[in-house]
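Colleague: I have a new model to read. Can you walk me through it, feature by feature?

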Amino acid sequence: MLKARPCLICRKWFHPDRMVGERQRVCGAPSCQKERHRRACARFHDRDPDYDRHTRFTAKLVQVGAGGKGTVPAEAIDWRYARKVVGLEISALVEESGKVLLRQARDAVLVQLK
Ligand SMILES: [Zn+2]
């Protein structure tokens, strides 16, 4: 059994789980685990405050069912939504850049097949 230590949250003494070992700083009480999780989420969002906004944006940007076999890459993106969010010029720049890259990739594959 590992040496007892005080819980970082409730301050009660506990023995760390042997699977977690010395890394465990919080006891197994549900309220302490919930608080540990809340603090970890707060630290995560302090480090990356745009994470949720980015996740929602990319989820709306990529069409449902995109990425499957036979998907045309440019059609995987909801360009109307992208245009509304980032503006016409930036959206067009990204869309056309994607098309150029796709053409170059296809040409490179065709050259390798010859
Ligand atoms: Zn505790």
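Modeller: Start with Ser91. Outside its neighbours within four places in sequence, Ser91 is in contact with Trp79, Ala82, Arg83 and Val86. Keep in mind that this is a predicted model.

Colleague: Where is Ser91 placed?

Modeller: Ser91 sits in helix α4, residues 88-113.

Colleague: Is Ser91 buried or exposed?

Modeller: Read that from relative accessibility. Under 20% is buried and over 50% is exposed. Ser91 has 2%, so it counts as buried.

Colleague: Stay with helix α4. Which residue forms a salt bridge with Lys99?

Modeller: Look for a side-chain nitrogen of Lys or Arg within 4 Å of a carboxyl oxygen of Asp or Glu. Lys99 pairs with Glu95, and their closest N and O atoms are 4.0 Å apart. The two are 4 residues apart in helix α4, which means a separation of about one helical turn. Lys99 is partly exposed because its relative accessibility is 30%. Glu95, at 17%, counts as buried.

Colleague: How many salt bridges does the count come to?

Modeller: The count comes to 6 salt bridges. One of them joins the side chains of Glu22 and Arg5, at 2.8 Å from N to O. Glu22 lies in the loop between β2 and α1, and Arg5 in strand β1, so this pair ties together parts that are 17 residues apart in sequence. Arg5 is buried, with a relative accessible area of 15%.

Colleague: What about Arg53?

Modeller: Arg53 forms a salt bridge with Asp50, and the closest N and O atoms are 3.7 Å apart. Arg53 is exposed, because its relative accessible area is 59%. Asp50 has 44% and counts as partly exposed.

Colleague: Which residues are linked in a network of salt bridges?

Modeller: Glu35, Arg38 and Arg39 are linked that way.

Colleague: Now the metal. Which residues are the protein donors of the zinc ion?

Modeller: For a metal site, list the donor atoms, then check their angles. Here the protein donors are the SG atoms of Cys7, Cys10, Cys27 and Cys32, lying 2.2 to 2.4 Å from the zinc ion. Along the chain, the donors follow the spacing C-x2-C-x16-C-x4-C.

Colleague: Why is the arrangement tetrahedral?

Modeller: The test is that all angles lie between 85 and 135 degrees. The 4 donor atoms around the zinc ion subtend angles of 101 to 114°, so the arrangement is tetrahedral.

Colleague: Which parts does the pair of Cys10 and Cys32 tie together?

Modeller: Cys10 lies in the loop between β1 and β2 (13-14), and Cys32 in helix α1 (residues 30-47), so the pair ties together parts that are 22 residues apart in sequence. Cys10 is partly exposed, at 30% relative accessibility. Cys32 is buried, at 3%.

Colleague: How many disulfides does the count come to?

Modeller: A disulfide is a covalent bond between the sulfur atoms of two cysteines. The count here comes to 0 disulfides. Take Cys41, which is in no disulfide: the nearest cysteine sulfur is that of Cys32, 16 Å away. Cys41 has 32% relative accessibility, so it counts as partly exposed.

Colleague: Last, the start of the chain. Where is Met1 found?

Modeller: Met1 is in the segment before β1 (5-6). Met1 counts as exposed because its relative accessibility is 90%.

Colleague: How many residues apart in sequence are Met1 and Lys99?

Modeller: They are 98 residues apart in sequence. In space, Met1 and Lys99 are 61 Å apart, C-alpha to C-alpha.

Key:
Residues numbered from 1 in each chain as written. Predicted model: local features only at pLDDT ≥ 70, side-chain atom pairs only at ≥ 80, totals over all residues. Heavy atoms only, no water. Buried < 20%, exposed > 50% of the residue type's maximum accessible area, 1.4 Å probe, protein only. Donors = N, O, S within 2.8 Å, 3.2 Å for Na, K, Ca; no water. Tetrahedral: all angles 85-135°; square planar, octahedral: opposite > 155°, others 65-115°. Disulfide = S-S within 2.5 Å. Contact = heavy atoms within 4.5 Å.
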